[in-house]
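User: I should like to go through this structure with you, topic by topic. Could you begin with the terms you will use?

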Amino acid sequence: MGRPTKRTQLCRELARKRKKSDLSYNTTADDVLISDNCYFTEDAIGDKLNDEAEDAIREENNEFEEEGERGVIGPSGRFREIWPEIDPVYDSDTSTEDVQNTVGNISMEWYDDFPHIGYDIDGQKVMKPAIGDELDKFLDKLDDPDSWMSAKDDLMQRDVKLTDEELEIIRRIQMHEMPDKYYNPYEPTFEWFTSKPMVMPLTAAPEPKRRFVPSRWEAKKIMKIARAIREGRILPRKRQAESPRFYDLWTDTEQSRSDNPMHLPAPKIKLPEHDESYNPPEEYFLKDRFERCLDLYLAPRVRKNKLNIDPESLIPKLPHPRDLQPFPTTLTLSYNGHTGRVRTFSIDPTGLWLVSGSDDRTIRMWEVTTGRCVQAWDVEDIVYSIAWCPNKDIWVFAVTLSNKVAFISPRLMCSEEVSNFAVKYASAGFNMQKADKKPGVVEWLKPTENQRQYGYVVIISHLHDHIVKQVTWHRKGDYFATLAPDAGTQGIVIHQLTRHHSQQPFRKIKGLIQRVIFHPIKPIFFVATQRYVRVYNLIKQELSKTLLSGVKWISSIDIHPMGDNVIVGSYDKRLCWFDLDLSARPYRTLQYHKMATRCVAFHKRLPLFASCSDDGTIQIFHGTVYNDLLQNPLIVPVKILKGGHDIVNSLGVLYCEFHPSHPWILSSGADHKINLWTC
């Protein structure tokens, strides 16, 4: 800001002392000199005033340095910033700088008919950037939260983000303030020239006449140009007709457009007859014109081809459900014992045993055919996921407990030889010496003596404090993956049981991860986020495909045993079937539930798949996948299983899984029950 400081007072004191010493107003630079480095001569004021002025200047400069501002006080008494000097030696690399248009301050309409908008500093053409339509601009504004901070650069024909200084200028203008924050409109007036006329002026000559008479040479030049225009030697540039950017859909033009071959022009007015050869009344013409307008407005002028098609013939012929048996139809058995929500369960590869986890912080093992609870474990946390090892020779299952994953081998239900092999298989990694001693993402722990009595083999502790909500196995039974959705980049970890090795496959995670699953045959890993399913190739370590589900929130995912088809369930009541060889969009989207879909599952051997929902029902579908790539999968809804579960706090069936060999399905819900449905 300009400051009326001690320097201004000193200048006023100089003027007063000049009057007293009879100094004329036309003093020279030898008498008094005021500049950025303001000093005063001894002849004008004296040593004392010079010392006072220098002390005042030094004091003010110190004040500005303390405030962190770089500048001096000019002869007008205003504060003036001192910018850093420009370095004449410029050695920086210009390969990363943006191309600048050097056409100058001209009208950019001159380049409307050219593919470029100017030339750069090397004389190369600067091509026009791609310009989308209004819909693209609207979508870009939605995707870019900083779009309000950009303005169009007419020179480069693109949007440029405004700097903080430019935004500050706009804000000050909107607040009706001065754009320059250093400008003070109320500073005192500094008289550069005296208001009193000089007694002896430098010149007293009158004003010359040429300042009031039009120039003769300019008149000759104008007449020369006007004469050339009349003779046709100078032609003004003809403006080319611009094609419209937007077209009127409801235009009343009579011309047939090339983009609509079905357009029919309106009929012409009939020629006048004998009645109109006389002088008819004016109302006759008004009525005729009015009827013609009604015909043009109401009568369609588009050629329509009517097809006689039976609507029933458009519906595909589906087989009857009784021709697609067997599939589960009847509630046969209930497994009662839990006192909380049963969120998850798993069936062993033989199909004889069932292990379940609940919110009552217990794990129970059941006999599938009788419903008898053979063993129970008390744990410290809610069980969110349980998965039995798919290898029949390894008698162990994995369970998630808070940020830990425990491996348990129930020794009471198997022989000692099988149990010892499972323990040896899972504990073999403790005997290996790891080459790298870097801190990993998890810690492999040995169970305590008390835990070993209950069958604990290995415990994995994650370094984060978030809940692990899913554990899933690879089909060979050695690799498995864990998912903690709230852990960010540490949420997905792939482990190897035999070597006790863990790694994070992703450095960055896009979106909130819902489910992960391995491909049953190929080294492919599926990651389901809130709206998309990303397919990764583990060998090439790259993203192979992204499946666009079109749903709002994915809840579950499962893969067909052949590996070419994927089903996805969502909280907005839908089930999407993806054919990986066909498209990245759903082949079929089914919506049979009235509430959120909690789980979807394929049968391992039979052409069946199912979905369960919070409405308390289970939908059974027949899904046949053919080896012929030219034939689409056959999807038929065959049965709705009702009455097995009650709705508790708007929650119904939470999980379902098919029996590995029989056409049976098991389901668990918020009513603390596990049901077995058979044929």
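Analyst: Helices (H or I, at least four residues) and strands (E, at least two) are DSSP runs, numbered from the N terminus. This is a predicted model, in which local features need pLDDT of at least 70 and side-chain atom pairs count only at pLDDT 80 or more, while totals for chains, interfaces and linings use all residues. Residues are numbered from 1 along each chain as its sequence is written, and side-chain values use heavy atoms, with hydrogens and water left out.

User: Where is Leu331 placed?

Analyst: Leu331 belongs to strand S9, which covers residues 330–336.

User: Is Leu331 buried or exposed?

Analyst: Neither, because its relative accessible area of 36% makes Leu331 partly exposed. Buried means under 20% relative accessible area, exposed over 50%, and partly exposed in between (1.4 Å probe, protein chains only).

User: Which residues is Leu331 in contact with, leaving aside neighbours within four places in sequence?

Analyst: They are Gly644, Asn675, Leu676 and Trp677, where contact means heavy atoms within 4.5 Å. Gly644 is 313 residues from Leu331 in sequence, yet their C-alpha atoms are 6.9 Å apart in space.

User: What share of the contacts in the chain has a separation of 24 or more positions?

Analyst: Among contacts with a separation of 6 or more, 49% join residues 24 or more positions apart.

User: How many helices and strands does the chain have?

Analyst: There are 8 helices and 37 strands. Of the 679 residues, 36% count as buried.

User: Turning to the interior, which residues touch the most other members of the largest nonpolar core?

Analyst: That core has 22 residues, and Phe407, Trp444, Ile460, Trp473, Phe480 and Leu497 touch the most other members. A nonpolar core is a set of buried Ala, Val, Leu, Ile, Met, Phe, Trp, Tyr and Cys residues joined through side-chain atoms within 4.5 Å. At least two residues of this core come from each of strand S16 (404–408), helix H7 (416–427), strand S17 (442–445), strand S18 (456–462) and strand S19 (470–473). S18 gives the most, with 3 residues.

User: What is Leu497 in contact with, beyond four places in sequence?

Analyst: Leu497 is in contact with Phe407, Tyr425, Ala426, Trp444, Trp473, Asp478 and Phe480. A second, separate core has 21 residues, including Val355, Trp388, Tyr456 and Ile459.

User: Now the backbone. Which peptide bond is cis?

Analyst: The bond from Gln325 to Pro326 is cis, with omega near 10°. Pro326 sits in the loop between helix H6 (282–298) and S9.

User: Why remark on that, or on a positive phi?

Analyst: Because most peptide bonds are trans, and most residues other than glycine have a negative phi.

User: Where does Gln541 lie?

Analyst: Gln541 is in the loop between strand S25 (532–537) and strand S26 (542–548). Its phi is positive, near 55°, and Gln541 is exposed, with a relative accessible area of 70%.

User: What about phi of Asn649?

Analyst: Asn649 is not a glycine, but its phi is positive at about 55°. Asn649 lies in the loop between strand S34 (634–641) and strand S35 (653–658), and counts as exposed at 62% relative accessibility.
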